[in-house]
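Please look over the model below before reading on. The points after it are meant to be checked against the coordinates.

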Amino acid sequence: MPGWVREHRVLAVAADAGCAALAGATALIVRFGEVTPYVTPYVVASAFLPVVWVCTVALNRAYEPRLIGLGSEEFQRVLHCGFMLTAALAVGAYLTRTEVARGYVVLAIPLTTSLTILARCLLRRSLHRRRAQGGCMRRVVAVGHRAAVAELVRRFRRERYHGMEVVGVCAPHGGTGEVEGVPVLGDFSDVPLVVGQAAADTVAVLACPELDGVALRRLAWRLEKTDTDLIVAPALMEVAGPRITIRPAAGLPLLHVDHPEISGLRQAIKNLFDRFGAGILLVVLSPLLAGVAVAVRFSGPGPVFFRQTRVGRDGAEFTIYKFRTMRADAERWRIGLTGDGEGVLFKIRNDPRVTPIGARLRRHSLDELPQLINVLLGHMSLVGPRPPLPEEVARYGDDVRRRLLVRPGMTGLWQVSGRSDLSWEESVRLDLRYVESWSLTLDLQILWKTWSAVARGAGAY
């Protein structure tokens with residue numbers, strides 16, 4: 001096990017114990033106020049809560065190295081621990097007919113769970129910062145055809161927070177040379193030797209016909225001796241989460257892929273969550289909205305709001321609302337301007353049409369706050385693909401049109417992954433990934449990450 005993994009697990013255990021101790025003490029103070037003979041059992045319970053909590057988290061396997069730094073499973077397991085501990089306490093109190101102060105339990109366990117999730121978020125953010133600087137990386141040997149390996153290397157380098165660094169390649173028929181600067185060190189039969197040669201701790205097998213089930217099983221047996229992790233990338237690389245399940249049939253573990261849910265109960269819940277959240281945010285942010293409106297009004301001639309036709313779910317057009325950030329005659333000035341990059345998007349890093357106050361609003365996405373009205377009206381969601389223009393949709397291919405299966409969002413994977421710094425192909429890939437794998441949990445993760453992305457202002461222009 002790499003040293004940084006052991007260090008992260010020690011920090012996670014210490015953080016979990018500290019959160020449980022803080023929650024227990026807080027519950028004692030809030031519920032009882034002072035220590036009396038009646039309170040003594042709860043003082044003892046608070047003293048043992050850190051140990052019980054850490055053991056519960058460990059039994060639920062929330063300290064596994066594969067959960068470190070990625071995905072929502074780590075947080076889901078912590079939540080599961082909170083439910084398990086609450087249920088165990090309730091059943092135990094019922095069976096033993098023990099009177100338990102409900103106020104203490106309602107405070108202690110939910111607060112422990114919440115503080116633990118917050119601590120895990122902070123640990124993950126610290127880990128991502130270290131990975132951005134090149135540390136805490138897993139050394140990976142990629143096994144597959146050169147084109148597939150090249151794409152994998154580019155993705156790992158683009159999204160370093162995944163913590164994967166390809167240090168060697170095993171390609172069919174071996175050979176020499178490099179793939180995206182990574183040396184080819186052997187063929188498929190040399191994988192265990194290459195792992196030792198490259199001091200790797202992970203083997204990533206890409207989809208290729210030469211590596212069938214029998215070959216993969218034999219490779220796994222050989223890697224067991226060195227305790228090397230084996231990960232397999234399926235052909236459906238953008239499909240993840242609850243849509244993928246393994247179902248045995250005729251003695252074979254079959255990978256079952258469900259269709260994405262673009263209607264039904266879960267979408268109704270998402271719509272309700274979006275509208276309720278937009279209403280709350282409009283009320284809470286009303287002073288900020290009023291202040292920005294005044295600033296835009298006095299920044300120069302022109303309306304406060306910018307209205308534009310965008311394309312929503314199933315190709316339906318709607319009017320989007322934003323604070324005006326450009327000159328009133330911006331469309332006339334667009335003639336003769338050349339956008340940056342390729343693709344159907346028209347973006348200019350230093351657009352001469354943007355007003356000084358507009359540049360500040362764009363940097364922190366404050367110009368997009370009126371889109372909460374669109375969410376309230378049902379035109380948009382809080383999270384989803386970027387809302388495109390009609391002329392952009394007219395140039396879409398069949399694959400890109402899948403973005404229109406769901407409502408566009410105020411934020412999304414594109415927002416938290418680089419915004420305007422992304423290429424057209426990368427923004428499309430992220431939007432399609434969201435359409436294929438959306439869930440309410442993913443929405444909450446994106447909303448959480450949006451605040452830091454907006455605060456940094458990176459990629460906004």
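The notes below go from the whole chain to a sheet, the nonpolar cores and a single residue.

1. This is a predicted model. The protein has 461 residues, and 44% of them are buried. DSSP runs give 16 helices and 12 strands.

2. Taking contacts with a separation of 6 or more, 70% join residues that are 24 or more positions apart. The exposed area of the protein is about 24,600 Å², and 63% of that area is supplied by carbon and sulfur atoms.

3. One open sheet is built from 6 strands in the order β3-β4-β2-β1-β5-β6, and its pairing is mixed. Its edges are formed by β3 (178-179) and β6 (229-233), each of which pairs on one side only. As background, the strands of a sheet pair through backbone hydrogen bonds, in a parallel or antiparallel manner.

4. Within this sheet, strand β2 (residues 164-170) and strand β4 (residues 182-186) run parallel and are joined by 2 bridges. Cys170 has Gly186, in β4, as its bridge partner.

5. Which helix lies across β5 and β6? Helix α7 (residues 213-224) does, and it runs at about 155° to β6.

6. The largest nonpolar core contains 28 residues. Phe323, Leu372, Tyr434 and Ile446 have the most contacts inside this core. Two or more core residues come from each of α8 (265-284), α9 (286-297), β10 (317-323), α12 (371-377), β11 (381-383), α14 (413-416), α15 (424-437) and α16 (440-456). The largest share, 4 residues, belongs to α9. Nonpolar side chains tend to be buried together in soluble globular proteins.

7. Ile446 is a useful residue to display when inspecting this core. Setting aside residues up to four places away in sequence, Ile446 touches Val383, Thr411, Gly412, Leu413, Val416 and Tyr434.

8. A second core, separate from the one above, has 25 residues. Among them are Ala12, Ala27, Ala62 and Cys121.

9. Is Thr113 buried or exposed? Thr113 sits in helix α4 (residues 102-132). Its relative accessible area is 7%, so Thr113 counts as buried, the cut-off being under 20%. Apart from neighbours within four places in sequence, Thr113 is in contact with Trp53, Val78, Leu79 and Gly82.

How values were computed. Residues numbered from 1 in each chain as written. Predicted model: local features only at pLDDT ≥ 70, side-chain atom pairs only at ≥ 80, totals over all residues. Heavy atoms only, no water. Pairing = 2+ DSSP bridges. Contact = heavy atoms within 4.5 Å. Axes fitted to C-alpha atoms, helices over the stretch in contact; angles between N-to-C directions. Core = buried A, V, L, I, M, F, W, Y, C linked by side-chain atoms within 4.5 Å. Buried < 20%, exposed > 50% of the residue type's maximum accessible area, 1.4 Å probe, protein only. Areas by Shrake-Rupley, 256 points an atom, 1.4 Å probe, with all protein chains shown as cover.
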